[in-house]
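Please open the model in your viewer and keep the selection tool at hand. The stops below are arranged so that each selection leads to the next.

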Amino acid sequence: METLLCAFNDIAESEAQSFTVENTSIFAVKHGNQMYIYENSCPHLGISLEFHPNQFLDIKKRFI
């Protein structure tokens, strides 16, 4: 099933946005004019990856 999360330009370059789809927390990261979608869960600890709402990237906006 295909779900539209947002328009491509709704997320600024090197920024992220969280979404919930079918009870699953995910987030989109725009980097290099590409959009990447991830599940919002640390595979090691099982916790959310957000530091604060919609803040998934490090201070230099290079790493999750």
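Begin by selecting Phe 27 and Phe 56, both of which are buried in this predicted model. A search of the whole structure returns two aromatic pairs. Phe 27 and Phe 56 form a stacked pair, with 3.9 Å from centre to centre and 5° between the planes. This pair links distant parts of the chain, since Phe 27 belongs to strand S2 and Phe 56 to the segment after S3, 29 residues apart. Add Tyr 38 to the selection: Phe 27, Tyr 38 and Phe 56 make up one aromatic cluster.

Next, extend the view to the nonpolar surroundings. Which residues form the largest nonpolar core? Select Ala 16, Phe 27, Val 29, Phe 56 and Leu 57, the five residues of that core.

Within this group, centre the view on Ala 16. Leaving out residues up to four places away in sequence, Ala 16 touches Ile 11, Phe 27, Ala 28, Val 29, Asn 54 and Phe 56.

Move then to Val 29, which lies in strand S2. Is Val 29 buried or exposed? Its relative accessible area is 7%, and the cut-off for a buried residue is under 20%, so Val 29 counts as buried. With residues up to four places away in sequence again set aside, Val 29 touches Glu 15, Ala 16, Gln 34, Met 35, Tyr 36, Tyr 38 and Leu 57. For a distance check, pick the C-alpha atoms of Val 29 and Pro 43: the two residues are 14 apart in sequence and 18 Å apart in space.

Now display the strands as a cartoon. The sheet is open and has three strands in the order S1-S2-S3, with antiparallel pairing. Strand S1 (16-21) and strand S3 (34-39) stand at the edges; each has a single partner strand, so one side of each is left without a neighbour in the sheet. On average, neighbouring strands of this sheet are turned by 25° against each other, direction ignored.

Follow the two pairings in turn. S1 and strand S2 (residues 24-31) pair in the antiparallel sense over six bridges. At one of these positions, select Val 21, whose bridge partner in S2 is Thr 24. S2 and S3 also pair in the antiparallel sense, over six bridges. Here, select Ala 28, which stands opposite Ile 37 in S3.

The hairpins come next. Select Glu 22, found in the loop between S1 and S2. The hairpin of S1 and S2 has two residues between the strands. What is notable about the phi of Glu 22? Glu 22 has a positive phi of about 50° although it is not a glycine. For context, most residues other than glycine have a negative phi. Glu 22 has a relative accessibility of 59% and therefore counts as exposed. Then go to Gly 32 in the hairpin of S2 and S3, which likewise has two residues between the strands. Gly 32 takes a positive phi near 60°.

Another backbone stop is Ser 14, in the segment before S1. The phi of Ser 14 is near 65°, a positive value in a residue other than glycine. Why does Ser 14 count as buried? Its relative accessibility is 19%, and the limit for a buried residue is under 20%, so Ser 14 falls in the buried class. Show the surroundings of Ser 14: apart from neighbours within four places in sequence, Ser 14 is in contact with Lys 30, His 31, Leu 57 and Lys 61. Leu 57 is also one of the residues of the largest nonpolar core.

Finish with the cysteines Cys 6 and Cys 42. Cys 6 is partly exposed, with a relative accessible area of 23%. Cys 42, in turn, is buried, with a relative accessible area of 14%. How many disulfides does the structure hold? The count is zero.

How values were computed:
Residues numbered from 1 in each chain as written. Predicted model: local features only at pLDDT ≥ 70, side-chain atom pairs only at ≥ 80, totals over all residues. Heavy atoms only, no water. Pairing = 2+ DSSP bridges. Helix = DSSP H or I, 4+ residues; strand = E, 2+ residues; numbered from the N terminus. Axes fitted to C-alpha atoms, helices over the stretch in contact; angles between N-to-C directions. Buried < 20%, exposed > 50% of the residue type's maximum accessible area, 1.4 Å probe, protein only. Contact = heavy atoms within 4.5 Å. Disulfide = S-S within 2.5 Å. Phe/Tyr/Trp six-rings, centres within 6.5 Å; stacked < 30°, edge-to-face > 60°. Core = buried A, V, L, I, M, F, W, Y, C linked by side-chain atoms within 4.5 Å.
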